[in-house]
Amino acid sequence: MLTVQATEEGFLSVVSKQWPMNPQIAAVGSCCLLGVICSGTLYVANVGDSRAVLGRLVNATGEILAIQLSTEHNAYLEEVRQELCAGHPDEPDIVVLKHNVWRVKGIIRA
């Protein structure tokens, strides 16, 4: 996935340059939604609050159906919280619930 890697490298370059003047930039969150068609198969990947939805025309009725292809990937989901805790065993407060909002490293809904 060279496109994702190039995007990540570009973001890290911007953060590195702006860090001395604007350290809050390291706290900026992001979402990524990627769709790729390969040999007639659609692959979807996402992280964050993005959700892939496919619109499909029903010929018999002319209606357009929305078909959800992915779900959100954020700290509101128990599975994601467990994944974060497993990936950061030395950080017991990697995910915390504060004021009824899940936070990752203190940042809302990462």
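Ser50 is buried, with a relative accessible area of 18%, in a model that is predicted. The residue lies in the loop between β2 and β3 (53-57), and, leaving aside residues up to four places away in sequence, Ser50 touches Cys31, Cys32 and Leu33 as well as Ser70, Thr71 and Glu72.

Leu65, by contrast in setting, is placed in strand β4 and counts as partly exposed because its relative accessibility is 36%, whereas buried would require a value under 20%. The two residues are set side by side below.

| Residue | Location | Relative accessible area | Class |
|---|---|---|---|
| Ser50 | loop between β2 and β3 (53-57) | 18% | buried |
| Leu65 | strand β4 | 36% | partly exposed |

Leu65 also belongs to a nonpolar patch on the surface, which is formed together with Leu33, Ile37, Leu42, Val44, Leu54, Ile67 and Leu69 and has about 630 Å² of accessible area in total. At least two residues of this patch come from each of the strands β1 (32-38), β2 (41-47) and β4 (64-68). Leu33, one of the patch residues, is also among the contacts of Ser50.

Turning to the interior, the largest nonpolar core has seven residues, namely Ala75, Val80, Leu84, Ile94, Val95, Trp102 and Val104. Both α2 (78-87) and β6 (101-104) supply at least two residues each to this core. Within the core, Leu84 touches Ile94, Val95 and Val104, again not counting residues up to four places away in sequence.

Note on methods:
Residues are numbered from 1 along each chain as its sequence is written. This is a predicted model: local features need pLDDT of at least 70, side-chain atom pairs count only at pLDDT 80 or more; totals for chains, interfaces and linings use all residues. Side-chain values use heavy atoms; hydrogens and water are left out. A nonpolar core is a set of buried Ala, Val, Leu, Ile, Met, Phe, Trp, Tyr and Cys residues joined through side-chain atoms within 4.5 Å. Buried means under 20% relative accessible area, exposed over 50%, partly exposed in between (1.4 Å probe, protein chains only). Helices (H or I, at least four residues) and strands (E, at least two) are DSSP runs, numbered from the N terminus. Contact means heavy atoms within 4.5 Å. Patches are made of residues with over 30% relative accessible area and no salt bridge: like charges are joined within 9 Å, nonpolar side chains (Val, Leu, Ile, Met, Phe, Trp, Tyr) within 5 Å. Accessible areas come from the Shrake-Rupley method with a 1.4 Å probe; for residues, only the protein chains shown count as cover. A salt bridge is a side-chain nitrogen of Lys or Arg within 4 Å of a carboxyl oxygen of Asp or Glu.
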